[in-house]
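This briefing covers a single protein chain. It begins with one side-chain contact and then moves through other local sites, a helix, the nonpolar cores and the chain as a whole.

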Amino acid sequence: MAQIAEIAAADAPAPTLPQRIILARGWTRRAIAFFAGATGALALAPFDVIPAMFVPLTVAVWLIDGAADDNVLKRLALAPIVSAAGAGWWLGFGYFVAGLWWMGAAMLVEADQFAWALPLAVFGLPAVLALFPAAGFAAARLLWSRSGLRVFALAAGLGAAEWLRGHLFTGFPWNNFGMALAGAGPLAQTASLVGLHGLDIIAIVIFAVPATLIDRSPDGARRMHGTLLTATALAMLMLAYGAFRLGANRTEFVDGVTLRLMQPNLPQDAKFRPENGEKILRRYLALSERATNQQPAGLAGVTHLIWPESAFPYIISHKPQALAAIAHALKGRVLLTGAARAEGDGDGRRGRIFNSIEALRGDAIVAYYDKIHLVPFGEYLPLEEWLRPLGINQLVPGIWDRGAGPRLLAAPGLPPIAPLICYEAIFSGDAIESGAERPRLFLNVTNDGWFGLTTGPYQHMAQARLRAIEEGLPMIRVANTGVSAIIDAYGRILQSLPLGQEGVIDGRLPKETAPTVFATFGASAFPALLALSTALALIGVAGRIPSSPAETGLYPSRVDRPSRPNRRGRPPD
């Protein structure tokens, strides 16, 4: 028996890379999953190396192919599912560490208070978020088959997990796999049909389908799966649709509106110090009045001035001198600015305080919007009754309240506005109040200064841009440190200021498009694609094609694989 095994091992061809991934076990398997996931982060902004997403999702198929009986669980029916979940966790952990490492920068703004939390931000949060792809891999393994249709099993399982990540526990849909298509030129226009979560499923299919190129027919020949042809055709249709949509529609502008966006690039450690209030206001006003090539007379030709989130280290409505200085400088123009808004006593400490956008005309606040989606650990502390006694606080000082609900912002001289403060711009389908009057533009004010000159602000910008494509609305985005931009209703960036630069943007307000398919039927897009993916995966299962790793034919059989001596020095039976 030993001689037969040795002869088989000597004659067996060297395993290919896919076979090595499928056969990998232990820390080798975990390392493959981790580094494959990390590579996928290169497909996101600001790198936008779109082909990089082929690595994690193609490897994902092979890892699930190899989800075999393992270690102490080898005799349990759940072993393949647990093995798949483990691979999903390590791949997700690598993806989120590489994609979200910049969150650690926020812990260094006030290092004396929060530096201890740096490892939690860089590794702890990715470890928690990786539970979602772990669940997605496990669900996919339940639908797994030997056929090329198994990529739809991955799309169903991982796509559902991404949707859950965007909704559970207030949701955190940041760097979804579908964002790889958001920076892919015309391909991003498909978001106007299916939204971010629909893009997740489509992206998983397209980027995972190369894994089926190693599949073989029973006689050993490579076979071209219909799945590969379908995915290729889908990508070509998306490309054609996007090219047509962009080519057939040029940017049109609203008459009588001239915008000036002010990006102060204010150091984050200065923004929340009340003693800096007067100096900050002077800086804002001086920068807002700056002459540019488009506006040589400064504010003279401007109708609306926009400042970023949390512009002041005080309650502006309680500072008559500040309001008077703004009114004097603007001379009747409208200012839209991020600001803290208080209800109750004079300083907001015993009343209620909101993170808001306020519209000012003269020295009066004529409209406001209060933020709804507060940032966990940023603006509020989850499990506060347990964590605060331990000395753990949120990053932004104060006790912040949620707004009453989505609503339009009515600013003088502007069409109805859908306001988005900071990371409210990342929630697909929630940017517009359901059943209400359709707005005609997005206004996103944000303060990404927490994250310094890292990839985070670029990722935030990419997600805001995708909201414009989804809903067919222009996006006016004003950030403290960048990226500020005027984006039209097709996601075209008309003007922008880069990260870490002070300045102003002068431009006109783009018009909206007719309601997109996603704007009209957005709630149906993801369930329909999820149901279709699940049905196609089940067709593969119903074909009664063996699905265990030993039966796939994708790597040498147990007899052909090199034997390993057991503890007694004998080869296995």
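The side chain of Asn 480 comes to 3.0 Å from the backbone nitrogen of Leu 266. The model is predicted, and the values below are computed from it.

**Asn 480**
- Asn 480 sits in the loop that links strand 8 (475–479) to strand 9 (484–487).
- Its relative accessibility is 0%, under the 20% limit, so Asn 480 counts as buried.

**Thr 170**
- Thr 170 lies in the loop between helix 9 (150–165) and helix 10 (179–182).
- With 32% relative accessibility, Thr 170 counts as partly exposed.
- Leaving aside residues up to four places away in sequence, Thr 170 touches His 373, Pro 376, Tyr 380, Tyr 423 and Phe 427.
- Thr 170 and Pro 376 are 206 residues apart along the chain, and their C-alpha atoms are separated by 8.5 Å.

**Helix 14**
- Helix 14 (residues 277–288) consists of 12 residues and spans 16 Å from first to last C-alpha, close to the 16 Å expected at 1.5 Å a residue.
- Its buried residues are Gly 277, Ile 280, Leu 281, Tyr 284, Leu 285, Leu 287 and Ser 288.
- These buried residues are on the same side of helix 14 because they cover an arc of only 165 degrees around the axis.
- Glu 278, Lys 279 and Ala 286, on the other side of helix 14, are exposed.

**Nonpolar cores**
- The largest nonpolar core has 110 residues, of which Phe 137, Leu 154, Leu 336 and Ile 476 touch the most other members.
- Helix 11 (residues 191–208) provides the largest share of this core, with 12 residues.
- A second, separate core holds 24 residues, including Ile 280, Leu 287, Phe 312 and Ala 322.
- Ile 280 and Leu 287 of this second core are also among the buried residues of helix 14.
- Apart from residues up to four places away in sequence, Leu 336 touches Leu 305, Ile 306, Trp 307, Glu 358, Ala 359, Leu 409, Ala 411, Leu 414, Ile 417 and Leu 443.

**Whole chain**
- The chain contains 18 helices and 11 strands.
- It has 573 residues, and 54% of them count as buried.
- Among contacts in the chain with a separation of 6 or more, 71% join residues 24 or more positions apart.
- The exposed area of the chain is about 24,700 Å², with 62% of it supplied by carbon and sulfur atoms.

Terms used. Residues numbered from 1 in each chain as written. Predicted model: local features only at pLDDT ≥ 70, side-chain atom pairs only at ≥ 80, totals over all residues. Heavy atoms only, no water. Helix = DSSP H or I, 4+ residues; strand = E, 2+ residues; numbered from the N terminus. Buried < 20%, exposed > 50% of the residue type's maximum accessible area, 1.4 Å probe, protein only. Contact = heavy atoms within 4.5 Å. Areas by Shrake-Rupley, 256 points an atom, 1.4 Å probe, with all protein chains shown as cover. Expected span 1.5 Å × (residues − 1). Arc of directions from axis to C-beta. Core = buried A, V, L, I, M, F, W, Y, C linked by side-chain atoms within 4.5 Å. Polar contact = N/O pair within 3.5 Å; in protein donor to acceptor, adjacent residues only side chain to side chain.
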